[in-house]
Amino acid sequence: MKQENKAKKRIAAGFLPVAIAIVLGVAAGLILRALPGDAGTVLCDRILSPISSVILGFLGTLASFVIFFSIIAGISGMGEPAVFRSVGGRLLSRFLLFLTVSSLLCVPVTLLFFGVSGGNGGAAFDAGAVWDMLLEIVPTNIPEAFSGGNSVQIIFLALLFGIVLLGISKKTENLIRVTGELSLLLQSVLGKVIHLMPFIVFISVFRLVFTGQTGTLAAVWRYPLAMLTCCFLTAAVSVLRVAIRKKVKIGVLLKKMMPAFLIALSTSSSAAALPANMETCEKTLGIDKKLVDVGVPLGQTLFKPGLVFMFMSGCLCLAERNAVPIGVSGVVITLLSAFAFSIAAPAVPGCSISCFALLFAQIGIPAEAIAVIIALDPINDRLCAAVKMIAMQSELVCFADGKGLLDERVLSQKP
């Protein structure tokens, strides 16, 4: 109860800086539009926009290293290869299966909101483009993978290094410990940088108002609505599956899941909700501690279904908005890219923006469209982190039940 009350208080504290940034951005944009001369143009093009680019660039670079070390630490920290094979490996497969199914199901939902045009995308699936993208998962130049911010290649390297370290863990205990500490350090640094996001929101809103593009946000209302629909359906199906399978009341499950849900919603970060998530899984959902210690960190790193919905909805919406033709082939490429980036993006608020920049470049959406993504990111990022909590906890309950690692008495108890 104390965690839930604290989480409720964090919602106001989490939204307040963003709300202030939006208000100030609107006010500054309106004031400078009314003033004569080109002071607003200079401020926007020469000062604020370069600052925003530097911050976002640094955020993307830092995120690449967070991805790399957090995945290595999560895998190598499992202790024994047998644990990874019997628990971690199968749980990873389950998470990936869930992501695959939810990704496929989000396509018809998003297509209800956005149409598929012909044009260069055509109606035929471009297998060559998909094959080229799959080949690019394996880096031919490791430094370029980091300097170019190729998240898919970085996650491939991280999985490779993590599995190798896990196999020789007895000889590399010190290295594994240092890797884990370095991962925590980088996540802390990234968390500090994320505090600058309200300033980025201010710049984005200011530019939209000053340049007279406020109608853009009103025109893209279907983007967050499509994403919210996908998130709601995913959370509802996840909870309903556990309730039916274990004959537990839905209200009881939701109340138990609420602390981690509220923390993730208020902070936009599953990392901030990690302590509450682990406590909920073990003490109120009845999942064995051995599974919690492996499953929660692994899920926090790789299990992010909300990002698939965000990437698909955002890309299709802004492609339609900017008259970029996307046929069946383009939808498939976008889906595969969204799936890969959902795994690669670190579980911290704001990092989806760098992934959107790469997706826009691949699809052909103008780079300036990222302003809409940034303006809506504080809302959408919170939805992603929150729905992840419910879906991940539900998957862990089902997995624990199949492995005999679930205390059904604890699960059915009222909180």
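Among the contacts in the protein with a separation of 6 or more, 86% join residues 24 or more positions apart, where contact means heavy atoms within 4.5 Å. The model is predicted, so that local features need pLDDT of at least 70 and side-chain atom pairs count only at pLDDT 80 or more, while totals for chains, interfaces and linings use all residues. Residues are numbered from 1 along each chain as its sequence is written, and side-chain values use heavy atoms, with hydrogens and water left out.

The protein holds 18 helices and zero strands; these are DSSP runs numbered from the N terminus, with helices (H or I) of at least four residues and strands (E) of at least two. Of its 415 residues, 51% count as buried, that is, under 20% relative accessible area, as opposed to exposed at over 50% and partly exposed in between, with a 1.4 Å probe and protein chains only.

The largest nonpolar core has 86 residues, of which Ile287, Met312, Phe356 and Phe360 touch the most other members; such a core is a set of buried Ala, Val, Leu, Ile, Met, Phe, Trp, Tyr and Cys residues joined through side-chain atoms within 4.5 Å. Helix H17 (residues 370-403) gives the largest share of this core, 17 residues. A second, separate core of 13 residues includes Leu62, Ile154, Ala158 and Leu186.

In helix H12 (residues 274-284), the buried residues are Ala276, Asn277, Thr280 and Cys281. They lie on the same side of H12 because they cover an arc of only 130 degrees around the axis, taken from the directions from the helix axis to the C-beta atoms. Pro275 and Lys283, on the other side of H12, are exposed.
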